[in-house]
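Q: Could you walk me slowly through one part of this structure, the pairing of its rings and strands? I am new to this, and I would like each term explained as we go.

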Amino acid sequence: TRMEEQENWVVALGPVLAMAYSPADDRLATLGADLIVRVWDTQTGRMMGELFEHQRPGWGLAYSPDGRYLLSAGGAVGQDTILWDVERGEAISTTSTDGLFVYDVAWAPDGSQYLVVSSGSSRLYVYETSTGIRTQHRPSGISLSALAHGEHYLATTNSIGTTYVYNFAGSQVYEQIRMMRYDVNVDRLVEDDV
């Protein structure tokens, strides 16, 4: 398959730190170094709106699986991550990770929960979408930097490359099942069952 550029346009005043494509329509959300979350119609290149200007940079931006909600993550303690109702363009809730910059956000496949990791915090934050209630896990004494969520598993990694894998079963608490790290001394992957 060949990739061909269809169109291009400037979406921020400076570098773009995060982007997310809606699974429900042709909208693209961007978060630039100018700290503003913007939503774009990719068919026309027209900006649909500016949602918010964060106080500090962040790198997390993600649509919910149904495209109804958008998470945008900045870096000011007290308003790190905002859950948006996309259609209304209104903030539903604001959460804080008590860290410095949000590195990544992700959704559970059923949309019932969203997850946040940040610098300055070794916690994986899990929020219930409907209530905003938070549960915390501490898989590492080192800042967590990335998230990936599949149908049955969640993985998060820290700033020195250790990856933690969790079992996911609906709204139950995530259960850590494995820790993986790459041992450069022996040039191989090391897996520790928990």
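A: **Rings and sheets**

There are 4 aromatic pairs here, in a model that is predicted. In one of them, Trp59 and Tyr103 have ring centres 5.8 Å apart and planes at 45°, a tilted arrangement. This pair connects distant parts of the chain, 44 residues apart: Trp59 is in the loop between strand 4 (47-53) and strand 5 (61-63), while Tyr103 is in strand 9 (residues 102-107). Trp59 counts as partly exposed because its relative accessibility is 34%, and Tyr103 is partly exposed too, with 31%. A second pair is Trp107 and Tyr114: their planes meet at 55° and their centres lie 5.5 Å apart, so this pair is tilted. Both of these residues are buried.

Let me unpack those words. Rings of Phe, Tyr and Trp (its six-membered ring) pair if their centres lie within 6.5 Å; planes under 30 degrees apart are stacked, over 60 is edge-to-face, and the rest are tilted. Buried means under 20% relative accessible area, exposed means over 50%, and partly exposed is in between, using a 1.4 Å probe and protein chains only. Strands are DSSP runs of E with at least two residues, numbered from the N terminus.

Two notes on reading the numbers. Residues are counted from 1 along each chain as its sequence is written, and side-chain values use heavy atoms, with hydrogens and water left out. As the model is predicted, local features need pLDDT of at least 70 and side-chain atom pairs count only at pLDDT 80 or more, whereas totals for chains, interfaces and linings use all residues.

Back to the rings: Trp107 and Tyr114 belong to one aromatic cluster together with Tyr69 and Tyr127. Two members of the cluster also face each other across a sheet, since... let us meet that sheet first. It is an open sheet of 4 strands in the order 9-10-11-12, paired antiparallel. Strand 9 and strand 12 (134-137) are its edge strands, and each pairs on one side only. On average, neighbouring strands in this sheet are turned by 20° against each other, ignoring direction; the axes are lines fitted to C-alpha atoms, and angles run from 0 to 180 degrees between N-to-C directions. Two strands count as paired if DSSP finds at least two bridges between them. Strand 10 (residues 113-118) and strand 11 (residues 124-128) run antiparallel and are joined by 4 bridges. Here Tyr114 has Tyr127 in strand 11 as its bridge partner.

Strand 9 has another resident worth a look, Asp104. What is the nearest side chain of opposite charge to Asp104? The answer is Arg134, 17 Å away, and Asp104 is buried yet has no salt bridge. A salt bridge needs a side-chain nitrogen of Lys or Arg within 4 Å of a carboxyl oxygen of Asp or Glu; Lys and Arg count as positive and Asp and Glu as negative, with His and the chain ends not counted. A polar atom of the Asp104 side chain does lie 2.8 Å from the backbone nitrogen of Leu147.

Now for the sheet that contains strand 4. This open sheet of 4 strands has the order 1-2-3-4, again with antiparallel pairing. Its edge strands, strand 1 (16-21) and strand 4, each pair on one side only. Strand 3 (residues 36-41) is joined to strand 4 by 5 bridges, with Arg38 opposite Glu50 and Ile36 opposite Glu53. Strand 2 (residues 27-32) pairs with strand 3 over 5 bridges as well, and one bridge matches Ala29 with Val39.

In a regular strand, side chains alternate between the two faces of the sheet. In strand 3, both faces are covered: Ile36, Arg38 and Trp40 on one side, and Val37, Val39 and Asp41 on the other, are all buried.

The hairpins have details of their own. The one between strand 2 and strand 3 has 3 residues between the strands, and Leu35 takes a positive phi near 75° there. In the hairpin of strand 3 and strand 4, with 5 residues between the strands, Gly45 has a positive phi near 80°.

Finally, the loop between strand 4 and strand 5 also holds Gln55. Gln55 counts as exposed because its relative accessible area is 59%. The C-alpha atom of Gln55 is 6.8 Å from that of Gly74, although these residues are 19 apart along the chain.

Notes: Polar contact = N/O pair within 3.5 Å; in protein donor to acceptor, adjacent residues only side chain to side chain.
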